[in-house]
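Reader: I would like to go through this protein with you, starting with how far the model can be trusted and then moving to its core and its charged pairs. Could you take me through it?

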Amino acid sequence: MKHLIALLAIIGLLTYSQPLQAQDKPTQDTTEIVEQAQAVADTAAADAMVVDDAMLGEESPEEGGGLHQILKTKFIEGSTGFMSLVALALVLGLAFCIERIIYLTLSEINAKKFMADVDARIEANDIEGAKQLCRETRGPVASICYQGLLRIHESLDSIERSVISYGSVQTANLEKGCTWITLFIALAPSLGFLGTVIGMVMAFDQIQQAGDISTSIVAEGMKVALITTIFGIIVAVILQLFYNFILSKIEHLTSQMEESAITLMDAITKFKSVHCS
C-alpha cells in the first residue's frame with residue numbers, strides 16, 4: 001500500500017511537470033523534479049503509515065479486556081475457595097441436566113404413528129408382530145404397550161392395572177436425577193451467601209486491624225464479599241432454566257404415555273370383543 005501510493009505520486013508529479021518543462025521552464029533540471037517527487041512520495045508514505053497504525057489500533061482490541069479475562073479476575077477477587085465450590089455446583093448441575101436432556105430426547109418418538117401401527121397389528125390379530133414392534137421401539141410409550149400386550153389374554157382390569165403400574169415406573173425413570181438438579185439450584189446461592197458472610201467478617205477484621213473506618217477498606221471488602229453471591233445467583237438461574245426445560249419434556253412424555261395407554265386399551269377391548277365373543 002505504501003509503495004503504491006509513492007509510485008502514484010511520482011508518476012503524477014512527472015506527468016504534471018512535463019508540460020511545464022515544455023512551455024514555462026524548459027531549462028528546469030530533471031534532478032530537481034526527481035527530488036520533488038521523492039519528497040512527495042516520502043510524505044505520502046508517512047501519511048500511509050499513520051493511517052495503517054490508526055487502523056491497526058482500531059481493529060486490535062486491548063489485551064486482557066475480554067469476557068474471559070473479566071470472569072477470571074472476578075473469580076479470583078471473590079475468594080478462590082468459595083468460588084470454586086460455586087463453580088463445582090454449576091459443573092455437576094449441568095452434568096445432570098445434560099444427561100437428562102439426552103435421555104429424554106432419545107425417549108421421544110412419534111407416538112401417534114406408533115400407536116396406529118400397533119392398533120393395525122392388533123386388529124389384524126398379529127399380536128406377536130405388535131410385541132415385536134414394541135420391542136424394537138425405544139421409549140416409555142413402547143414399554144407400557146409391550147406390558148399390556150403381554151397380558152392381552154387376561155381380563156381388562158388386569159391389563160389396565162399392569163399398564164398403570166408400569167407407567168408409574170417409567171415416569172419415575174424419566175424423573176431420575178431431577179432431585180440432584182434441584183439440590184444444586186438451592187446449593188449454589190447458599191454457597192454464595194455463605195461466602196458473602198465470611199467475606200464481610202474478613203472485611204470487618206481488616207477495619208479492626210486498620211484501627212479506622214476507611215471508605216476504601218469498607219468498599220473493597222463488601223465488593224469482594226458480594227461477588228460470591230452474584231455468581232451463586234447466576235449459577236442458580238442457569239440451572240433453573242435447564243430444569244424447567246427438562247420438566248417440560250417430562251410432561252410431554254407423560255402425556256404421550258397416558259394417551260397411548262388409552263389407545264392401547266381401546267384396541268385391546270375391540271380385539272377381545274371380536275375374537276373372544
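Author: The turns that follow take up confidence, the nonpolar core, one helix and the salt bridges.

This is a predicted model, in which local features need pLDDT of at least 70 and side-chain atom pairs count only at pLDDT 80 or more, while totals for chains, interfaces and linings use all residues. Residues are numbered from 1 along each chain as its sequence is written, and side-chain values use heavy atoms, with hydrogens and water left out.

Reader: What pLDDT does the protein average?

Author: pLDDT is the predictor's confidence in each residue, on a scale from 0 to 100. It stays under 50 over residues 1-30, for which the model has 23 contacts beyond four places in sequence (contact means heavy atoms within 4.5 Å). pLDDT also stays under 50 over residues 47-64, with five such contacts beyond four places in sequence. Across the protein, 63% of the residues score at least 70, and the average pLDDT is 75.

Reader: Which helix gives the largest share of the largest nonpolar core?

Author: A nonpolar core is a set of buried Ala, Val, Leu, Ile, Met, Phe, Trp, Tyr and Cys residues joined through side-chain atoms within 4.5 Å, where buried means under 20% relative accessible area, exposed over 50% and partly exposed in between, with a 1.4 Å probe and protein chains only. The largest such core has 45 residues, and Phe114, Val118, Ile122, Leu149, Ile246 and Leu264 touch the most other members. The elements giving two or more residues to this core include H5 (111-123) and H10 (215-275), helices (H or I, at least four residues) being DSSP runs numbered from the N terminus. The largest share, 15 residues, comes from H10.

Reader: On which side of H5 do its buried residues lie, the same or opposite sides?

Author: The buried residues of H5 are Ala111, Phe114, Met115, Val118 and Ile122. The face turned away from that buried side carries the exposed residues Lys112, Lys113 and Glu123. Because the buried residues cover an arc of only 95° around the axis (the arc of the directions from the helix axis to the C-beta atoms), they lie on the same side of H5.

Reader: Which residues is Leu264 in contact with, leaving aside its neighbours within four places in sequence?

Author: Leu264 is one of the core residues that touch the most other members. Leaving aside neighbours within four places in sequence, its contacts are Met115, Val118, Ile122, Ile144, Cys145, Gly148, Leu149 and Val163.

Reader: How many residues apart in sequence are the parts tied together by Lys249 and Glu108?

Author: A salt bridge is a side-chain nitrogen of Lys or Arg within 4 Å of a carboxyl oxygen of Asp or Glu, and by this rule the count comes to four. The side chains of Lys249 and Glu108 meet in one of them, at 3.0 Å from N to O. Lys249 counts as buried at 10% relative accessibility, whereas Glu108 counts as partly exposed at 26%. Since Lys249 lies in helix H10 and Glu108 in the loop between H4 and H5, the pair ties together parts whose separation in sequence is 141 residues.

Reader: By about how many helical turns are Lys113 and Asp117 separated?

Author: Lys113 forms a salt bridge with Asp117, the closest N and O atoms being 3.5 Å apart. Lys113 counts as exposed at 52% relative accessibility, and Asp117 is partly exposed at 31%. Because they are four residues apart in helix H5, their separation is about one helical turn.
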